[in-house]
Amino acid sequence: MSHIEELLAKNSTYRRRHIELGLIPKYPTIVITCMDARTAPEHFLGIESGEALVIRNMGGRVTPEVEYQIGAISHIITSNGGQLPEILIIHHTDCGMQRLHPEIQQDVSEATGIPTGYLASVAITSPAESLTADVAALEASAYIPSGMAVRTVMYEVVSGEATPL
């Protein structure tokens, strides 16, 4: 059995306890975090289905695509009677994007065709600095509704602690 087949087999257990949920999350919050398998906010923040929206990508970075997603979903939520969501950006220790040095960016670009400029934009030299840059990107974005609160957290992969910054 492949890994995907194993994961799909777990669906039968999930289906037995599944309940239909509404469009608007219980906590009007959009969590942006890394796709690293060690950093599932559903676990370390205890987020249950239907409680918050989660966007995961390389490094948990605020990219133009993330800005578009936040702008669109915020409009959909508020147009359907929900309140404007808050944003929680989570970066973490030992992130793979901290290993994305310029020489590795070049190797990745040559192997995949991904532009080095994009790779440089998601690379992390300091998690605290990248959080500051991501908050600034949201604040400057034309796609993000004014008045959206933005908070940041650093997640420690060894201890499991999530510390607000």
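Is Y143 buried, exposed or partly exposed, and what is its relative accessible area? The fourth close-up gives the answer; the legends below all describe a predicted model.

**Figure 1. The whole chain, before zooming in, has seven helices and five strands.** Reading from the N terminus, the order of elements is α-α-β-α-β-α-β-α-α-α-β-β. Taken along the principal axes, the C-alpha atoms fit a box of roughly 50 × 50 × 35 Å. Of the 165 residues, 36% are buried. If you only count contacts between residues at least 6 apart in sequence, 68% of them join residues at least 24 apart. As for the surface, about 9900 Å² is exposed, and carbon and sulfur atoms account for 56% of that. On the charge side there are 10 positive and 19 negative charges, and the mean positions of the two sets sit 10 Å apart.

**Figure 2. Here is H91, a histidine in strand 3.** With a relative accessible area of 1%, H91 falls under the 20% cut-off and so counts as buried. Its side chain reaches the backbone oxygen of G60 at 3.2 Å. Setting aside sequence neighbours within four places, the contact list of H91 takes in G59, G60 and R61, then I124, P127, S130, L131 and D134, and finally V153, M154 and Y155. Keep Y155 from that list in mind, as the next view picks up this residue again.

**Figure 3. F44 and Y155 make a stacked ring pair.** How many aromatic pairs does the chain have? The count comes to two. In this one, the ring centres of F44 and Y155 are 3.9 Å apart and the planes meet at 15°, which is why the pair is classed as stacked. F44 belongs to helix 3 (residues 41-44) and Y155 to strand 4 (residues 150-155), so the pair ties together parts 111 residues apart in sequence. Both partners are covered: F44 is buried at a relative accessible area of 17%, and Y155 is buried at 7%.

**Figure 4. Y68 and Y143 make an edge-to-face ring pair.** The centres of these two rings lie 4.9 Å apart with the planes at 90°, so the label is edge-to-face. This pair also links distant parts of the chain, 75 residues apart: Y68 is in helix 4 (residues 64-79), while Y143 is in the loop between helix 7 (127-140) and strand 4. And the opening question? Y143 is partly exposed, because its relative accessible area is 47%, a value between the 20% and 50% cut-offs. Its partner Y68 is partly exposed too, with a relative accessibility of 44%.

**Figure 5. Back along helix 4, this view takes in Y68 and H75.** Is H75 buried or exposed? H75 is exposed, with a relative accessible area of 54%, which puts this histidine over the 50% cut-off. Measuring sticks for the view come from C-alpha atoms: H75 and I144 are separated by 9.5 Å, with their positions 69 residues apart along the chain. Y68 and E86, in turn, are 18 residues apart in sequence and 15 Å apart in space.

**Figure 6. Q105 sits in helix 5.** Which backbone oxygen lies 2.8 Å from a polar atom of the Q105 side chain? That oxygen belongs to L100. Q105 counts as buried because its relative accessibility is 9%. Beyond four places in sequence, Q105 touches L100, T116, L119, A120 and A123, so for this view it's worth keeping those five side by side with the glutamine.

**Figure 7. D94 has a positive phi without being a glycine.** The phi angle of D94 is near 55°. Where along the chain is D94 found? D94 is in the loop that runs between strand 3 (86-92) and helix 5 (102-112). Its relative accessibility is 36%, so D94 counts as partly exposed.

Definitions and conventions: Residues numbered from 1 in each chain as written. Predicted model: local features only at pLDDT ≥ 70, side-chain atom pairs only at ≥ 80, totals over all residues. Heavy atoms only, no water. Helix = DSSP H or I, 4+ residues; strand = E, 2+ residues; numbered from the N terminus. Buried < 20%, exposed > 50% of the residue type's maximum accessible area, 1.4 Å probe, protein only. Phe/Tyr/Trp six-rings, centres within 6.5 Å; stacked < 30°, edge-to-face > 60°. Polar contact = N/O pair within 3.5 Å; in protein donor to acceptor, adjacent residues only side chain to side chain. Contact = heavy atoms within 4.5 Å. Areas by Shrake-Rupley, 256 points an atom, 1.4 Å probe, with all protein chains shown as cover. Lys, Arg positive; Asp, Glu negative; His and termini not counted. Charge placed at Lys NZ, Arg CZ, Asp CG, Glu CD.
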